[in-house]
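Hi everyone, thanks for making time. Please pull up the sequence and the structure, and we'll walk through them together.

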Amino acid sequence: MSKSAAVVKWSVVAAALEAAATGLVLFVRPSWFAWLVFAAEFSDAGSALGRLAAVALFGLALATWPMAAATDQLASSVRAMLCYNVLAAVYLLYVGISGQLTGILLWPAIALHAILSVLLGRAWLVMRDLERGEDFSI
């Protein structure tokens with residue numbers, strides 16, 4: 001495995017772990033998640049929806065987890081995690097700027113999703129270059 005491919009795989013694993021960890025907290029204690037990220041309480045319906053979102057995050061993490069010698073699957077994982085992290089960062093930034101729901105972990109969550117977006121964006125560029133036969137180091 002080239003250095004570039006290893007960086008791509010590491011970026012996907014990091015993003016998948018973040019999604020799984022967020023899903024775990026959201027599933028086990030949606031009220032903690034609401035308080036830490038939004039400084040607010042979930043209603044009963046919000047907690048149920050949060051747990052449903054947690055299941056979707058677990059599915060995303062499993063669907064994007066890199067498999068051995070599966071280059072096409074790795075490219076698909078990069079795209080899926082890139083989309084998830086960009087959209088999560090943008091939405092959370094919108095929530096933070098509106099100023100209504102700002103818990104102690106909102107801004108760190110925005111930063112984490114932004115960092116993962118940059119890493120995955122670079123990984124996507126590496127994957128594109130690998131498909132073209134161009135290899136460069138990051």
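Let me begin with a small one: in which helix does valine 55 lie? Valine 55 lies in helix α3. One thing to keep in mind throughout is that this is a predicted model.

So how does valine 55 sit with respect to the surface? It counts as partly exposed, because its relative accessibility is 44%, in between the limits of 20% and 50%. Valine 55 also belongs to a nonpolar patch on the surface, together with Leu24, Phe27 and Val28. Together these residues have about 350 Å² of accessible area. The most generous contributor to the patch is α1, with 3 residues.

Let me step back to the whole chain. The secondary structure comes to 5 helices and 0 strands, so the pattern along the sequence reads α-α-α-α-α. For those of you thinking about box dimensions, the C-alpha atoms fill roughly 50 × 25 × 15 Å along the principal axes. The accessible surface is about 7,900 Å², and 70% of that belongs to carbon and sulfur atoms. Of the 138 residues, 37% count as buried. If you take the contacts with a separation of 6 or more, residues 24 or more positions apart account for 71% of them.

Now for the inside. In soluble globular proteins, nonpolar side chains tend to be buried together. Here, the largest nonpolar core has 20 residues, and those with the most contacts inside it include Val8, Tyr84, Met81 and Leu120. Helices α1 (3-28), α3 (44-64), α4 and α5 (106-132) each supply at least two residues of this core. Which helix gives the largest share? That is α4, with 7 residues. Apart from this core lies another one, of 10 residues, with Leu26, Val37, Phe38 and Ala54 among them.

Let's look at who meets whom. Leaving out residues up to four places away in sequence, methionine 81 touches Ala15, Ala16, Ala19, Leu60, Thr64 and Leu120. That list brings us to threonine 64, which has its place in helix α3. Is threonine 64 buried or exposed? It is buried, because its relative accessible area is 2% and the limit is 20%. With the same sequence neighbours left out, the contacts of threonine 64 include Val12, Gln73, Ser77 and Ala80.

Asparagine 85 is another residue to click on. It is found in helix α4 (residues 71-98), and it is buried, with a relative accessible area of 0%. Not counting residues up to four places away in sequence, asparagine 85 touches Ala15, Glu18, His113, Leu116, Ser117 and Leu120.

Last stop, the rings. How many aromatic pairs does the structure hold? There are 2. In one, phenylalanine 33 and phenylalanine 38 have ring centres 6.2 Å apart and planes at 75°; that is over 60 degrees, so the pair is edge-to-face. Both partners are buried: phenylalanine 33 has a relative accessible area of 18%, and phenylalanine 38 has 12%. The other pair is tilted, and joins tyrosine 91 and tyrosine 94 at 6.5 Å centre to centre, with 35° between the planes. These tyrosines are separated by about one helical turn, because they are 3 residues apart in helix α4. Tyrosine 91 and tyrosine 94 are both exposed.

That's my tour, and I'm happy to take questions.

Key:
Residues numbered from 1 in each chain as written. Predicted model: local features only at pLDDT ≥ 70, side-chain atom pairs only at ≥ 80, totals over all residues. Heavy atoms only, no water. Helix = DSSP H or I, 4+ residues; strand = E, 2+ residues; numbered from the N terminus. Buried < 20%, exposed > 50% of the residue type's maximum accessible area, 1.4 Å probe, protein only. Contact = heavy atoms within 4.5 Å. Core = buried A, V, L, I, M, F, W, Y, C linked by side-chain atoms within 4.5 Å. Phe/Tyr/Trp six-rings, centres within 6.5 Å; stacked < 30°, edge-to-face > 60°. Patch = residues over 30% accessible without salt bridge, like charges linked within 9 Å, V, L, I, M, F, W, Y side chains within 5 Å. Areas by Shrake-Rupley, 256 points an atom, 1.4 Å probe, with all protein chains shown as cover. Salt bridge = Lys/Arg side-chain N within 4 Å of Asp/Glu carboxyl O.
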